[in-house]
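Open the model in your viewer and keep a selection panel at hand. The stops below say what to select next and what is there.

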Amino acid sequence: MKDKLDVKRLREDFPILHQTLQHGRPLVYLDNAATTQKPRAVINALVRYYERDNANIHRGVHELSQRSTAAFEDARTKVQGFLGAAHPSEIVFTRGTTEAINLVAQSFGRANVDSGDEVLISAMEHHSNIVPWQMLCEEKGARLRVVPIDDRGDLVLDELSRLLGPRTKLLAIAHVSNALGTVNPVREIIELAHERGVAVLVDGAQAVAHTRVDVRDLGCDFYCFSGHKLYGPTGIGALYGRSELLEAMAPWQGGGDMIASVTFEKTTYNVLPHKFEAGTPHIAGAIGLGVAIEYVQSVGLDAIAAYESELLAYATRALAGVPRVRLIGTARQKASVLSFVMQGVHPHDVGTILDLEGIAIRTGHHCAQPVMDRFDVPATARASLAFYNTRDEIDALVAGLGRVAEVFA
Amino acid sequence: MSDIRELYQSVILDHNKRPRNFRKVDGANRRAEGYNPLCGDKVAVQLRIEDGVVRDVGFEGSGCAISTASASMMTESVKGRSLADAEQLFQRFHDLLTGETHAEPSVDEQAALGKLTVFSGVREYPARVKCATLVWHALHSALEGRADPVSTE
């Protein structure tokens, strides 16, 4: 089981996959980089929580509150184990990757980045790993610098090394690019940064569903991801931060649960990780995320990675054989993502025609406009894979592209 | 295929392939730009208006087939019309795609919409309605003499 995936059986775990769309076609879901579908175990966990355990956490003396608190904290431990963090208190629940990055920018960034300092990002970042740093740099009079990428979509490591200067305070980089599928050599990058004393945040939104992550092995200072791209619910994600860093950081939102005591004169903040979790969190979401992690672990991340890598190679070969199609992003190491353009057809038209064929892909700039500019395209069509996708679905995509070519002869 | 052909009618495909009035306008005295931040479609409309009549109109930009064809057919439809007529046509086209109705179109207006009704199929695709209306919003803005680029958002 852990060696080879029984995809046909695993697909049965995802109720949404088995439907016929309004144009009479079976669903072929290839938009997993946008969000993944949820296995029945996750859906059931949400229902069970609301039917049996729902109560606020960390407050009540009553049984439901105790159950709810235990389940919430148990989910945190699952995230800790999943990321290989040293302690559950290094895991902060957030709404998702975006909020996690904003938390680090607003707390760590504001305290450590001054006028004239530099924050380093890469040219393949999602807007959520650009804009929070721009906001910080604008506020502080700091400078945002960008590591370029080459024509394949690989990071130019020499440039990264050159740009890590004496004023660099933080490097924020994607583990896997959402628009290109590039897998960055984060371990090597982190080593380079640490040699210069630069802290590193890794945006793992597109990585955690496809590859095993161990934050201590990587050596990163911050790592973040979203639950919904990992077969979990939307509205929940996590930030991993090294204890020393989180301890030193100021809270970024004030409210309930993040305090130890409050008087009008002085408030004492709660311990980690609660210091960063103001207000009632998405309790059901965290529990659902914990179940999603267990589900992924039961399938086996190594088996997932192996299967997806084989499927990606199959899809890459198949798309290479489609006339007028050109892949955008051909990095040496890739995961899950096939971004492409079709000569003479705008990606939106590709997307609409595929939709009529029952095939769900993403079209547009993928919240990575600088990547589109780099490759001089207004947008791309993007098919992105999960372990429940099959060769038959890739064949359906290729056939769909044939239809596009017919319409736009 | 029938659904596809209903949306991508041959008239639309033809205008996408050979857009009419895809050019700058000599002596243009009204301009507006439209931008759809969702997909990055950009369109710029130029008009030369004399004696309250659209004497010439052209567009430039890049976009999908729906938006390119819509821009091309818009230029053909409004050329030679009075400002009031052109504005009314904008309203009718907008209604056609959004399903809102302001008033019963007159016979003239129906005739004017005539070939533009090939876009009625777009109504079934909410994600694409803005592709078709973007250039018309730019036209509307140019007719009003506004300078700010219009955005679909």
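This is a predicted model. Begin with chain A and colour it by its domain assignment, which gives domain 1 as residues 7–38 plus 300–407 and domain 2 as residues 43–297. Place a marker at the C-alpha centre of each domain of chain A; the two markers lie 28 Å apart. Next, select the contact between these two domains of chain A: 26 residues come from domain 1 and 28 residues from domain 2.

Stay with the domain 1 side of that contact in chain A. Three elements of chain A give two or more residues to the side that touches domain 2: α11 (301–320), β12 (337–342) and α13 (369–374). Which of the elements gives the most? That is α11(A), with five residues. Colour this side of domain 1 of chain A by residue class, and it divides into 12 nonpolar, eight polar and six charged residues.

Now move to the contact between the chains. Select 14 residues of chain B and the 14 residues of chain A with which they are in contact. On the side of chain B that touches chain A, α1 (2–7) and α6 (126–143) of chain B each supply at least two residues. α1(B) gives the most to this side, with three residues. By class, the side of chain B that touches chain A holds nine nonpolar, three polar and two charged residues.

Hide chain A and look at chain B as a whole. Chain B contains six helices and four strands. Stepping through chain B from the N terminus, you meet the elements in the order α-α-β-β-β-α-α-α-α-β. Colour chain B by burial: of its 153 residues, 42% count as buried. For a contact map of chain B, keep contacts with a separation of 6 or more; residues 24 or more positions apart account for 64% of them.

Select helix α2 of chain B, residues 10–17. Which residues are buried there? In α2(B), B:Ile12, B:His15 and B:Asn16 are buried. Turn the view to look down the axis of α2(B): the buried residues fall within an arc of 105°, so they line one face of the helix. Add α3 (65–78) of chain B to the selection, since what covers the buried residues of α2(B) includes this helix.

The strands of chain B are the last stop. Select β1 (residues 30–36) together with β2 (residues 41–50) of chain B. β1(B) and β2(B) pair antiparallel over seven bridges. Find B:Asn36 and follow it across to its bridge partner in β2(B), B:Asp41. These two strands, β1(B) and β2(B), form a hairpin with four residues between them. In the turn of this hairpin, B:Gly40 has a positive phi of about 85°.

Then add β3 of chain B, residues 53–62. β2(B) runs antiparallel to β3(B), and nine bridges join the two strands. Two pairs are worth labelling here. B:Val43 stands opposite B:Gly61 in β3(B), and B:Arg48 stands opposite B:Asp56 in β3(B). How many residues lie between β2(B) and β3(B) in the hairpin they form? There are two residues between β2(B) and β3(B), and B:Asp51 in the turn has a positive phi of about 50°.

Notes
Residues are numbered from 1 along each chain as its sequence is written. Chains are lettered from A and ligands numbered from 1 in the order in which they are written. This is a predicted model: local features need pLDDT of at least 70, side-chain atom pairs count only at pLDDT 80 or more; totals for chains, interfaces and linings use all residues. Domain bounds come from an automatic or database domain assignment. Two residues are in contact if their C-beta atoms, placed from the backbone, lie within 7 Å. Ala, Val, Leu, Ile, Met, Phe, Trp, Tyr, Cys and Pro count as nonpolar, Asp, Glu, Lys and Arg as charged, and the others, Gly among them, as polar. Two strands pair if DSSP finds at least two bridges between them. A residue is buried if 20 or more other C-beta atoms lie within 10 Å of its own, exposed if 12 or fewer, and partly exposed in between; C-beta atoms are placed from the backbone. The arc is that of the directions from the helix axis to the C-beta atoms.
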